[in-house]
Amino acid sequence: MLVSGALSVVLAVAAMTIPVPYVVESPGPAINTIGTFNGKPIITISGHENFPATSGSLDLTTVHLTGGLPDSRISFFDALQSWLTPSHTLYPAELIYAPGVSQETVNSENSAAMTGSQENATAAALTALSIPFESSLTVASIPADGAASGILNPDDVLLTVGGRKFTDLSVVQEVLAEGKGAPVELTVLRDGVEKTVSVTPKLGEAGKYLLGISTQNTFKFPFEVKISLENVGGPSAGMIFALGIMDNLTPGELTGGKKFAGTGTIDPAGKVGGIGGIAQKMVGAQQNGADYFLAPGANCGDVVGHIPNGLQVIKVDTLEEAYDAVSLIGSGKDGSALPSCT
């Protein structure tokens with residue numbers, strides 16, 4: 001009996017202390033983008049007339065991740081406790097993080113994604129308000145085995161492909177598909193000088209011809225839009241940032257003093273994309289007092305069955321739909337007929 005009792009104690013201690021390869025998703029804080037953070041406005045606009053909000057909220061929502069990294073681990077007991085908590089979700093670590101990745105790398109990637117999200121949000125907001133700005137597509141990186149390796153350089157500004165103006169990657173895909181693997185001429189701006197180069201695309205695993213480059217949008221806005229927010233990363237606040245910028249640039253209170261929250265990526269054209277952890281984000285929104293939640297249509301499968309009581313979820317696929325929904329409810333009109341996830 002003594003040996004069995006001692007063994008039970010050892011096993012219990014091991015269960016509470018030995019790390020397990022799982023990640024816990026739990027509700028994170030919700031932050032009002034048209035309010036302040038640490039005493040400073042989150043969104044500030046310089047060089048253009050603006051109208052900061054004095055009431056209501058447009059909350060970005062977050063997810064707290066624990067475990068799965070060398071410097072952030074959870075025990076079996078922690079995993080079991082999270083598995084039994086309705087607002088938590090447990091995932092095998094390999095579904096969330098690449099093997100051997102560090103917290104520093106994750107933070108760096110999230111910070112870069114947040115910066116890109118803020119620029120896309122500004123571009124989407126200005127596009128929606130018909131405020132002109134300059135935009136270009138540049139080469140971000142080139143894999144060593146990519147078709148353009150040794151031909152294109154990072155930071156090359158892409159001007160034309162096959163004689164057609166670069167507007168987005170769909171133009172590249174169309175030209176390469178039409179060429180069926182034939183060499184294609186590209187005009188780029190490199191160090192202020194135009195150059196024309198020829199690249200022979202390679203056939204990718206998905207059966208599409210590729211240049212073998214990753215690209216990024218580069219913008220030049222007519223005035224400064226600054227978003228100040230610490231310790232929050234990732235691209236999922238893009239839509240809410242765009243709404244906050246639009247609210248700042250237009251007279252009146254977009255929210256009408258009501259409490260909104262939401263999530264979703266945004267591209268410069270205003271398309272809203274899906275994100276992860278939406279069940280936890282809805283819980284965080286409700287806990288922060290939101291009555292309405294804007295959810296990407298792409299996430300509807302994860303929304304159904306997880307909506308907290310008292311929270312109206314509105315399905316949106318574009319910034320225009322999100323803005324119109326907030327404007328409708330903010331003006332005091334009935335929003336019960338707005339699209340929802342079913």
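Which residue in strand 10 is the bridge partner of T138? It's V157. Keep in mind that this is a predicted model. Below is a quick tour of how some of its strands and helices fit together.

**Strand 9 and its partners**
- Strand 9 covers residues 134–141 and runs antiparallel to strand 16, residues 214–220, with seven bridges joining the two.
- One pair to look for here is S136 with its bridge partner T218 in strand 16.
- Strand 9 also pairs with strand 10 (residues 157–161), again in the antiparallel sense, over two bridges.

**A six-stranded sheet**
- Six strands line up in the order 8-2-6-18-21-22 to make an open sheet with mixed pairing.
- Strand 8 (89–92) and strand 22 (312–316) sit at the edges, so to speak, each pairing on one side only.
- On average, neighbouring strands of this sheet are turned by 35 degrees against each other, direction ignored.
- Inside the sheet, strand 18 (residues 259–262) and strand 21 (residues 292–296) pair in the parallel sense over three bridges, and F260 has Y292 as its bridge partner in strand 21.

**Two helices across the sheet**
- Helix 5 (residues 238–249) packs against helix 8 (residues 319–330) at about 55 degrees, with the axes 10 Å apart.
- Because of that angle, helix 5 counts as oblique to helix 8, and the crossing is right-handed.
- Helix 5 brings M239, A242, L243 and M246 to the contact, while helix 8 brings L319, A322, Y323 and V326.
- By class, that contact has eight nonpolar residues, no polar ones and no charged ones.
- Both helices lie across strands 6, 18, 21 and 22: helix 5 runs at about 155 degrees to strand 6, and helix 8 at about 145 degrees to strand 22.

How values were computed: Residues numbered from 1 in each chain as written. Predicted model: local features only at pLDDT ≥ 70, side-chain atom pairs only at ≥ 80, totals over all residues. Heavy atoms only, no water. Pairing = 2+ DSSP bridges. Helix = DSSP H or I, 4+ residues; strand = E, 2+ residues; numbered from the N terminus. Axes fitted to C-alpha atoms, helices over the stretch in contact; angles between N-to-C directions. Parallel < 35°, antiparallel > 145°, perpendicular 65-115°, else oblique. Left-handed = near helix turned anticlockwise from the far one by under 90°. Contact = heavy atoms within 4.5 Å. Nonpolar A, V, L, I, M, F, W, Y, C, P; charged D, E, K, R; others polar.
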